[in-house]
Amino acid sequence: LVFEGTRLILDRTCSIFITMNPGYAGRSELPDNLKVLFRTVAMMVPDYALIGEIILYSVGFVNARSLSTKIVAVYKLCSEQLSSQKHYDYGMRAVKSVLTASGNLKLRFPDEDESVLLLRAIQDVNIPKFLADDIPLFHGIVSDLFPGIVLPEVDLSIMKQSVTLCAKERNLQITPFFFEKKIGRAHV
């Protein structure tokens with residue numbers, strides 16, 4: 001192959017693939033002059049529930065099938081009901097974050113109810129990202145999907161003292177929302 005006057009030796013066992021997600025935030029289309037050089041291959045949207053089920057089983061969850069469908073349902077409802085923000089992500093990256101957090105909680109608390117662990121993971125991963133107006137809607141979504149599940153209270157007294165001290169040193173005012181955001185970041 002000759003490219004711009006230079007002879008190139010090609011390895012016929014090597015291929016180049018371009019993965020495009022043009023509808024995704026921050027992505028752009030491939031220019032037409034480059035598109036013609038590549039063959040289009042159609043892709044399917046992955047089955048998030050099946051992927052979640054397999055990962056939950058792999059970290060020791062027994063009720064992985066029903067719990068994985070709840071994760072997908074949470075994100076579907078969030079995408080429909082919460083405000084549209086650039087930093088909100090309800091795709092595979094978000095599902096994977098919840099699965100990872102669930103696995104970590106399962107390691108720390110192997111005898112805890114799996115619904116409680118999953119709900120804790122969903123809240124810990126998502127609440128720090130949400131705007132104040134979306135948090136009550138989110139709580140409504142998860143309470144509908146996890147009826148009767150009450151998360152155990154966590155003793156945050158030491159954390160609250162530390163946040164209060166740091167905030168005072170920086171002349172910051174501590175509001176309940178500010179404290180909740182700091183706690184949320186600590187969980188993530």
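**Exercise 1. Describe how helix α3 and helix α6 meet in this predicted model, and which residues make the contact.**

Solution. Begin with the axes: those of helix α3 (residues 64-81) and helix α6 (residues 135-145) come within 10 Å and cross at roughly 145 degrees. Next consider the handedness, where α3 passes α6 in a right-handed crossing. Then list the residues of the contact, to which α3 contributes K70, A73, V74, L77, C78 and Q81, while α6 contributes L137, F138, I141, V142 and L145. Finally, sort these residues by character, which gives nine nonpolar, one polar and one charged.

**Exercise 2. Compare the end-to-end span of helix α5 with the expected value, and decide how far α5 is enclosed.**

Solution. Helix α5 (residues 114-126) has 13 residues, and at 1.5 Å a residue these should span 18 Å. The end C-alpha atoms of α5 are 18 Å apart, which agrees with that expectation. Turning to burial, 13 of the 13 residues of α5 are buried, so the helix is largely enclosed by the rest of the structure.

**Exercise 3. Is Q123 buried or exposed, and which residues does it contact beyond its neighbours within four places in sequence?**

Solution. First locate Q123, which is found in helix α5. Its relative accessible area is 13%, and because buried means under 20%, Q123 is buried. Leaving aside neighbours within four places in sequence, Q123 is in contact with P128, F138, H139, V142 and L151.

**Exercise 4. Which elements have the lowest and the highest mean pLDDT?**

Solution. For the whole chain, the mean pLDDT is 87, and 95% of the residues reach 70 or more. Among the elements, helix α8 (residues 176-187) has the lowest mean, 71, and helix α2 (residues 48-58) has the highest, 96.

Conventions: Residues numbered from 1 in each chain as written. Predicted model: local features only at pLDDT ≥ 70, side-chain atom pairs only at ≥ 80, totals over all residues. Heavy atoms only, no water. Axes fitted to C-alpha atoms, helices over the stretch in contact; angles between N-to-C directions. Helix = DSSP H or I, 4+ residues; strand = E, 2+ residues; numbered from the N terminus. Left-handed = near helix turned anticlockwise from the far one by under 90°. Contact = heavy atoms within 4.5 Å. Nonpolar A, V, L, I, M, F, W, Y, C, P; charged D, E, K, R; others polar. pLDDT = per-residue confidence, 0-100. Expected span 1.5 Å × (residues − 1). Buried < 20%, exposed > 50% of the residue type's maximum accessible area, 1.4 Å probe, protein only.
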